[in-house]
Amino acid sequence: MSEYQYYEFQALDRPLSRDAQEQLRAISTRAQITATSFTNTYNWGDLSPNPRRMVERDFDAHLYVTNWGIHRLMLRLPRQTLPLPAVKPYCLDHHVDAWTTRTHVLLEMTSEDEDGDWVEGADDSLAALIGVRDELAIGDLRPLYLAWLSALGTWELGDDDEEEYQKCPEPPVPAGLGELTAPQHALANFLRVDADLLATAAEASPAAPKDPTIVTKKDLTALITALPEKEKDALLLRLALRPEPRLRTDLLHRLRGTTAPATVTGHRSAAHLLDAAHARRAERRRHAEQERATARAQHLTALAHESESNWRQIEAHISTKKTAAYDQAVALLAELRDAYAHTGRDTDFQQRLTRLREGNQRRPALIHRLDRHGLR
């Protein structure tokens, strides 16, 4: 299989200028370029510019997927909406990184899994993930915690000493980890967050607050009334000059203030979370195995109860003299063997099987199938 790299960039707050689009066209003649996006797939070669520099200069979101297991999401937000000190506790190794330019804070979240299954096109879209950018802009830090969990799961696969995990502290725990939004679910899947690790982390997460993107008319009226006239005039001027995709988000952020989002202090270490997730996983698997065993026992009991009907069905399959029907007969016989054993009637089954084999010795295709499945 040839290599596969998918690059998607989106400009959300401000469209690309004509000069910027021409510069992008000079990078690639095959890329799909619009006033708000750059998308390209590489099967040979690579994107020549550094994606970080492209996001710093022109774009607000970037997605990168390869067929050797790399999933990467990069986001750019205005510095006033997400201070870098609020992000830094969630940075871990090279899998979660953050830095600033003069005007923006940038996040890079990466998941790597060389052994994972890959389906071309399955993850090739920013559409499902882009909503986390607005969530971060209004103070919801759950996407950052998900990225930290993803990095922790990847870090665990390395050769670090147990002491390293003991010394790694948990970052602030956002409210609502047990009630993720649709974009956050998509992010957790994209970053391959382990479900048991997430469930363990969510045990210390407070209940989700009211959706900060939903405010009532009464709430808005009181908040807008309290705005200084100068700010109201500035917002109306922005609205009159040109449409701005971020205007509503900026306004809500201003109205609701810039107080810290709902979090609780993280008291657990990475080792504690990983150990608890392992215990949860083992218990879940044990419970699932018990359920499978119970269902199997019920199935075998029912099969044994209807044994005569099943023997007649087996004989009907054999009488067709068709190989496909022989396969069906043998499969049912194997199930019957287990059903008789489950009900303590092994001898009865063996006697019936012996008579069946003796009566069909001239059907070598059937006898061969019986022997191959240990039905002797």
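This note goes through the helix packing and a few individual residues of a predicted model.

1. Overall content. The protein chain holds 16 helices and nine strands. Of its 376 residues, 41% are buried. Among contacts with a separation of 6 or more, 75% join residues 24 or more positions apart.

2. Helix α12. This helix covers residues 270–305. Its 36 residues should span 52 Å at 1.5 Å a residue, and the end C-alpha atoms are indeed 52 Å apart, so expectation and model agree. The buried residues of α12 are A270, A271, L273, L274, A277, R281, L300, L303 and A304. An arginine, R281, is thus listed among the buried positions.

3. α12 against α14. Two packed helices are described by the angle between their axes and the distance between the axes. For α12 and α14 the axes come within 8 Å and cross at roughly 95 degrees. Angles of 65 to 115 degrees count as roughly perpendicular, and the two helices are therefore roughly perpendicular to each other. On the α12 side the contact is made by R296, A297, H299, L300, T301, L303 and A304, and on the α14 side by E335, L336, D338, A339 and H342. By type, the residues of this contact are six nonpolar, three polar and three charged. L300, L303 and A304 of α12 take part in the contact and are also buried.

4. α14 against α16. Helix α14 (residues 323–342) also packs with helix α16 (residues 364–372): the axes come within 10 Å and cross at roughly 35 degrees. The crossing is right-handed. From α14 the contact uses T323, Y326, D327, V330 and L333, which meet A365, L366, R369 and L370 of α16. These residues divide into six nonpolar, one polar and two charged.

5. T323. This residue lies in helix α14 and belongs to the contact with α16. With 46% relative accessibility, T323 counts as partly exposed. T323 and R369 are separated by 46 residues in sequence, and their C-alpha atoms are 9.6 Å apart.

6. K321. The loop between α13 (307–319) and α14 contains K321. Its phi is positive, about 60 degrees, although K321 is not a glycine. K321 is exposed, at a relative accessible area of 59%.

7. R192. A second non-glycine residue with positive phi is R192, where the value is near 60 degrees. R192 sits in the loop between α7 and α8 (195–202). At 28% relative accessibility, R192 counts as partly exposed.

8. Q184. Helix α7 (residues 182–190) contains Q184. Its relative accessibility is 0%, so Q184 counts as buried. Leaving aside residues up to four places away in sequence, Q184 touches V132, E135, D140, R142, P143 and L146. The charged residues E135, D140 and R142 are among these neighbours.

9. T41. Strand β3 (residues 37–42) contains T41. T41 has a relative accessible area of 24% and is partly exposed; the cut-off for buried is under 20%. Residues up to four places away in sequence again being left out, T41 touches Y4, Q5, Y6 and R30. The C-alpha atoms of T41 and V65, 24 residues apart along the chain, are separated by 9.6 Å.

Note on methods
Residues are numbered from 1 along each chain as its sequence is written. This is a predicted model: local features need pLDDT of at least 70, side-chain atom pairs count only at pLDDT 80 or more; totals for chains, interfaces and linings use all residues. Side-chain values use heavy atoms; hydrogens and water are left out. Axes are lines fitted to C-alpha atoms, for helices over the stretch in contact, and angles run from 0 to 180 degrees between N-to-C directions. Helices (H or I, at least four residues) and strands (E, at least two) are DSSP runs, numbered from the N terminus. A crossing is left-handed if the near helix is turned anticlockwise from the far one by less than a right angle, and right-handed if clockwise. Contact means heavy atoms within 4.5 Å. Angles under 35 degrees count as roughly parallel, over 145 as roughly antiparallel, 65 to 115 as roughly perpendicular and the rest as oblique. The expected span of a helix is 1.5 Å times one less than its number of residues. Buried means under 20% relative accessible area, exposed over 50%, partly exposed in between (1.4 Å probe, protein chains only).
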